[in-house]
Amino acid sequence: MANSISGFNSMKGWRVILPPNKVSTKLNSSSRQALSFGKSQALRIKCDYSCFEVKDVSYQPPGTELSLLNAVSFSLPEKSFGLIFGQSGSGKTTLLQLLAGLSKPTSGSIYIQRYGNDGNPNHSPEPLSSERVGIVFQFPERYFVADTVLDEVTFGWPRQKGAVEKKEQLALQLQRAINWVGLDGILLDKDPNSLSGGYKRRLALAIQLVQIPDLLILDEPLAGLAFLYCCTPESQDFMLSFCFINHGSKVANSLIGKRADVVRLLKHLKRELTVLVVSHDLKELAALVDRSWRMEMGGFLREEPVPVQF
Ligand SMILES: Nc1ncnc2c1ncn2[C@@H]1O[C@H](COP(=O)(O)OP(=O)(O)OP(=O)(O)O)[C@@H](O)[C@H]1O
């Protein structure tokens with residue numbers, strides 16, 4: 001099986017070659033806005049960019065009268081991090097399923113729009129096809145199907161003999177994805193279920209990143225990574241202190257570590273991709289957020305800053 005990924009070394013001691021640091025010449029969304037709307041015309045710089053946009057999306061499951069989403073509209077510029085939060089049952093996962101193409105909106109549209117340096121659209125909107133979206137559901141490790149990391153990441157790759165070129169291309173892309181998520185120290189013959197919680201999440205992400213998605217969607221990326229998940233931030237802090245006092249720094253740090261590990265990874269991915277996250281873990285993710293929205297019961301979405309205090 002190892003040989004089917006050409007360009008890789010043997011399974012044992014497998015390492016990924018790090019690409020040179022990518023220095024992005026693009027502007028981030030906030031600097032773009034500052035430049036577009038600033039008073040001085042002399043500051044204007046040519047900066048085309050694209051934006052993922054959702055317009056007036058409503059959803060009723062087929063055969064029902066239930067309105068799960070109501071005229072949802074929002075936009076997220078490329079390489080920025082969006083967060084949707086809100087009460088359980090308000091419709092967040094339903095929205096993600098529409099964005100990933102798993103169900104179709106009853107009305108409204110989901111597309112990518114390119115803008116020119118004057119801030120106006122310079123192309124027709126392109127519908128967002130499901131192949132261009134990567135989605136990692138809650139507890140992705142529950143859906144691992146293979147006995148080795150290698151089989152897990154190559155599951156679904158073409159198997160026929162004539163597909164060598166395609167496999168070589170996928171192997172190179174996989175190298176890059178594995179680098180991105182920091183899985184490069186992992187042996188490929190390891191059982192995915194034997195990985196730590198944080199590494200399982202990294203593996204699930206790497207699978208989605210092999211073909212760089214226009215939009216990466218993550219549903220509750222920190223869920224289940226520590227037993228403290230259900231607590232409020234204040235009680236988490238208290239319980240971590242309790243854990244530190246009673247069980248020592250190693251146990252306390254391992255609880256913080258897995259979650260902080262995933263947050264660090266998301267921070268890193270945000271430099272390369274457009275990321276949309278649904279989460280209840282507001283305090284830990286707040287520092288990454290460029291745009292945020294609250295989903296209200298009945299499937300109404302409105303823009304709102306993340307309600308956390310530092
Ligand atoms: N196919 C369906 N038919 C009928 N009702 C549905 C269907 N899918 C979801 N629902 C209902 O729609 C509502 C929104 O569900 P959804 O899973 O999107 O909420 P959520 O905000 O993601 O919740 P949580 O934070 O608990 O994950 C819930 O009341 C759910 O029971």
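Let's start with a pair of facing residues: in this predicted model, Leu 83 stands opposite Val 277, which belongs to strand E8. Leu 83 is part of strand E3, and that strand is a good place to begin a tour.

**Strand E3 and its partners**

E3 covers residues 81-86, and E8 covers residues 275-278; the two pair in the parallel sense over 4 bridges. E3 is also joined by 5 bridges to strand E9 (residues 291-296), and these two run parallel as well. Here Gly 86 of E3 stands opposite Met 295 in E9. If you're wondering what holds such neighbours together, strands of a sheet pair through backbone hydrogen bonds, either parallel or antiparallel.

Where do the two faces of E3 point, to covered or uncovered surroundings? Both are covered: Phe 81, Leu 83 and Phe 85 are buried on one side, and Gly 82, Ile 84 and Gly 86 are buried on the other. That makes 6 of 6 residues buried, so E3 is largely enclosed by the rest of the structure.

**Odd backbone angles**

Next, a backbone detail. Most residues other than glycine have a negative phi. Lys 79 goes the other way, with a positive phi near 55°, and it sits in the loop between strand E2 (69-77) and E3. Phe 139 isn't a glycine either, yet its phi is positive, at about 50°; you'll find Phe 139 in the loop between strand E6 (133-136) and helix H3 (149-154).

Are these two residues buried or exposed? Lys 79 has 20 other C-beta atoms within 10 Å, so Lys 79 is buried. Phe 139 has 16 C-beta neighbours inside 10 Å, so Phe 139 counts as partly exposed. Gly 182 has a positive phi too, about 70°, and comes just after helix H4. Here are the three angles together:

| Residue | Phi | Place |
|---|---|---|
| Lys 79 | near 55° | loop between E2 and E3 |
| Phe 139 | about 50° | loop between E6 and H3 |
| Gly 182 | about 70° | just after H4 |

**Helix H4 and the nonpolar core**

H4 itself runs over residues 164-181, which is 18 residues. From its first C-alpha to its last it reaches 25 Å, close to the 26 Å expected at 1.5 Å a residue. Its buried residues are Leu 170, Leu 174, Gln 175, Ala 177, Ile 178, Trp 180 and Val 181. As a general rule, an α-helix has 3.6 residues a turn, so residues three or four places apart point the same way.

Ala 177 turns up again in the largest nonpolar core, which has 58 residues. Ala 177 is among those with the most contacts inside this core, along with Leu 99, Ala 206, Leu 215, Ile 217 and Val 275. The largest share of the core, 7 residues, comes from helix H5 (residues 197-209). What does Leu 99 touch, leaving aside its neighbours within four places in sequence? Its contacts are Ile 110, Val 133, Leu 215 and Ile 217.

**An open sheet**

Elsewhere, 4 strands form an open sheet in the order E2-E1-E4-E5, with antiparallel pairing. E2 and E5 (126-127) are the edge strands, each pairing on one side only. E4 (residues 107-115) is joined to E5 by 2 bridges, and Ile 112 stands opposite Glu 126 in E5.

**Around the ligand**

Finally, the ligand. Among the residues surrounding it are Pro 61, Thr 64, Leu 66 and Leu 68, as well as Lys 92, Thr 93 and Thr 94. By type, the shell divides into 3 nonpolar, 7 polar and 1 charged residue.

Notes: Residues are numbered from 1 along each chain as its sequence is written. This is a predicted model: local features need pLDDT of at least 70, side-chain atom pairs count only at pLDDT 80 or more; totals for chains, interfaces and linings use all residues. A residue is buried if 20 or more other C-beta atoms lie within 10 Å of its own, exposed if 12 or fewer, and partly exposed in between; C-beta atoms are placed from the backbone. Two strands pair if DSSP finds at least two bridges between them. A nonpolar core is a set of buried Ala, Val, Leu, Ile, Met, Phe, Trp, Tyr and Cys residues joined through C-beta atoms within 7 Å. Two residues are in contact if their C-beta atoms, placed from the backbone, lie within 7 Å. A residue is near a molecule or strand if its C-beta atom, placed from the backbone, lies within 6 Å of it. Ala, Val, Leu, Ile, Met, Phe, Trp, Tyr, Cys and Pro count as nonpolar, Asp, Glu, Lys and Arg as charged, and the others, Gly among them, as polar. The expected span of a helix is 1.5 Å times one less than its number of residues.
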